Amino acid sequence: MLPQEVPQWLKQRFVKSVVNIGATTSEESIGERYDVLLSIWCMPERHFHNIRHVLDMLTQIDELAPEVTDSDSLRIAAWYHGVVFTTDEINVYAHNGGEDEVASAKMCADDLSALGVSADRVKYISGLITGMKRAGGTDQRNADTTTETAVMNPIIIDQLVLRDAHLGFLAAEPQKYRRYVEHVREEYIEVPAAHFYYARKQIVTHLLARKHLFISPLAQKWESTARDNLKAELERINAELDLVDSGELERLSIDFESESDASDKEAKRPKIDTSDHDDLFTLSEDVEDPDSDMASDLAPQDKAAEDQVRVNMPEKQEAPRSSLETLDESLDP
């Protein structure tokens, strides 16, 4: 979608939200920041994480708005949550690829401060963005999210809604969901197909092992459709991996560790740890918290399979880490 194809009302809504969170500068200045954001989200290399992704998140936030305390702050957080983004092969393998929540939050803070938003509100919105990964945000570990009648801290429910809106595309109509997946593959075209599908299998399996994909009460209605999409995606991934095993899909410099049973093709497959990542398309292999709630949710056989094999990735760079659309595993009931 080109900038000129974006509906005009989107700019008006952005300006209104920034005014509502307390901006003291002119609407013209706010509109100029919108133009910059729009140009970034419409960059040609963004096939999935583009302006449509922002529109999807805004739509999901509107649908979940009755249960939040500050919908305008959530909308601004959606606009900035992945504005800093890269998918080049070096950064992906160095764990610096995808949506960089920390850098995006800093850009958000700088912009909102320049627009006259109060320091407290700037800190809150930046926290929502960094709270989309384990490294930042409000601690959710003691939140009771097991029932729709659970009473939660207002800050916690806002964070949960933002995270659920971020994964709301999982519950898209099946053909639309499949196009989403194809667009993500286009973004990561520099990543060899074998690496990409091996990682994706681990991530989709990990998502399906969760007790709940969506935590906020109103978002739980998306659960069934999202799981159906993930199961269909897993079948397609397995078909691609069968091509790898048969030699029809080039393996492209994948090294395998020794296995006791070399005839077991599943054991020979490379592995990227994903137990600290909830996003369908994360390609990181790091696990920050091995004692997270999610680890206890995995079936024993799944955990054993995850420990069998591992990809030999290029040496990590010294740049700060970030991850693709990461959620906190401790949100699992």
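# Salt bridges, core and rings

Colleague: What do the side chains of Asp62 and Arg75 form?

Modeller: They meet in a salt bridge, 2.9 Å from N to O. Bear in mind that this is a predicted model.

Colleague: Where in the chain do Asp62 and Arg75 lie?

Modeller: Asp62 is in helix α3, residues 51-64. Arg75 is in helix α4, residues 71-80. They are 13 residues apart, and the pair links distant parts of the chain.

Colleague: Is Arg75 buried or exposed?

Modeller: Arg75 is buried, because its relative accessible area is 13% and the limit for buried is under 20%. Asp62 is partly exposed at 31%.

Colleague: What does Asp70 pair with?

Modeller: Asp70 forms a salt bridge with Arg121. The closest N and O atoms are 3.4 Å apart. Asp70 sits in the loop between α3 and α4, while Arg121 is in helix α7, residues 119-130, so the bridge ties together parts that are 51 residues apart in sequence.

Colleague: And the burial of Asp70: what is its relative accessibility?

Modeller: Asp70 is at 16%, which counts as buried. Its partner Arg121 is at 24% and counts as partly exposed.

Colleague: How many salt bridges does the structure hold?

Modeller: It holds 11. Another one of them joins Arg227 and Glu223, with the closest N and O atoms 2.9 Å apart.

Colleague: How are Arg227 and Glu223 placed in the helix?

Modeller: Both lie in helix α11, residues 223-245. They are four residues apart, about one turn of the helix. Both are buried.

Colleague: Which residues do shared partners join into one salt-bridge network?

Modeller: Arg13, Asp62, Asp72 and Arg75. So the Asp62 and Arg75 pair, whose Arg75 is buried at 13%, belongs to that network.

Colleague: Which residues does Ser17 touch?

Modeller: Ser17 touches Asp72, Arg75 and Ile76, leaving out residues up to four places away in sequence. Asp72 and Arg75 are among the members of the network. Ser17 lies in helix α1, residues 8-20. It is buried, with a relative accessible area of 4%.

Colleague: New topic, the nonpolar core. How many residues are in the largest one?

Modeller: It has 78 residues. Ile51 and Trp79 have the most contacts inside it. Helix α10, residues 193-208, supplies the largest share, eight residues.

Colleague: Why might one expect nonpolar side chains together?

Modeller: In soluble globular proteins, nonpolar side chains tend to be buried together.

Colleague: Which residues does Trp79 touch?

Modeller: Leu10, Phe14, Tyr34, Leu37, Trp41, Ile51, Val54 and Leu58. That leaves out residues up to four places away in sequence.

Colleague: Which residues form an aromatic cluster with Trp79?

Modeller: Phe14 and Tyr34 form one cluster with Trp79. Both of those are also among the residues that Trp79 touches.

Colleague: How many aromatic pairs are there?

Modeller: The count comes to nine. Phe48 and Phe169 are edge-to-face, 5.1 Å centre to centre, with 65° between the planes.

Colleague: Where are Phe48 and Phe169 in the chain?

Modeller: Both are in loops. Phe48 is between α2, residues 27-41, and α3. Phe169 is between α8, residues 154-166, and α9, residues 174-187. The pair spans 121 residues and links distant parts of the chain. Both rings belong to buried residues.

Colleague: What about Phe196 and Tyr197: what angle lies between the planes?

Modeller: It is 85°, with 5.4 Å centre to centre, and the pair is edge-to-face. Phe196 is buried at 1% relative accessible area. Tyr197 is buried at 15%.

Colleague: What lies over the face of Phe196?

Modeller: Arg185, at 4.6 Å from the ring centre. Likewise, Arg46 lies over the face of Trp41, at 4.5 Å from the ring centre.

Colleague: Last one, Glu233. Which helix is it in?

Modeller: Glu233 is in helix α11. It is buried, with a relative accessible area of 3%.

Colleague: What does the side chain of Glu233 join by a polar contact?

Modeller: The side chain of Arg236, at 2.8 Å. Glu233 also touches Tyr177, Val181, Arg200 and Val204, again leaving out residues up to four places away in sequence.

Note on methods. Residues numbered from 1 in each chain as written. Predicted model: local features only at pLDDT ≥ 70, side-chain atom pairs only at ≥ 80, totals over all residues. Heavy atoms only, no water. Core = buried A, V, L, I, M, F, W, Y, C linked by side-chain atoms within 4.5 Å. Buried < 20%, exposed > 50% of the residue type's maximum accessible area, 1.4 Å probe, protein only. Helix = DSSP H or I, 4+ residues; strand = E, 2+ residues; numbered from the N terminus. Contact = heavy atoms within 4.5 Å. Salt bridge = Lys/Arg side-chain N within 4 Å of Asp/Glu carboxyl O. Phe/Tyr/Trp six-rings, centres within 6.5 Å; stacked < 30°, edge-to-face > 60°. Lys NZ or Arg CZ within 6 Å of the ring centre and 35° of its normal. Polar contact = N/O pair within 3.5 Å; in protein donor to acceptor, adjacent residues only side chain to side chain.
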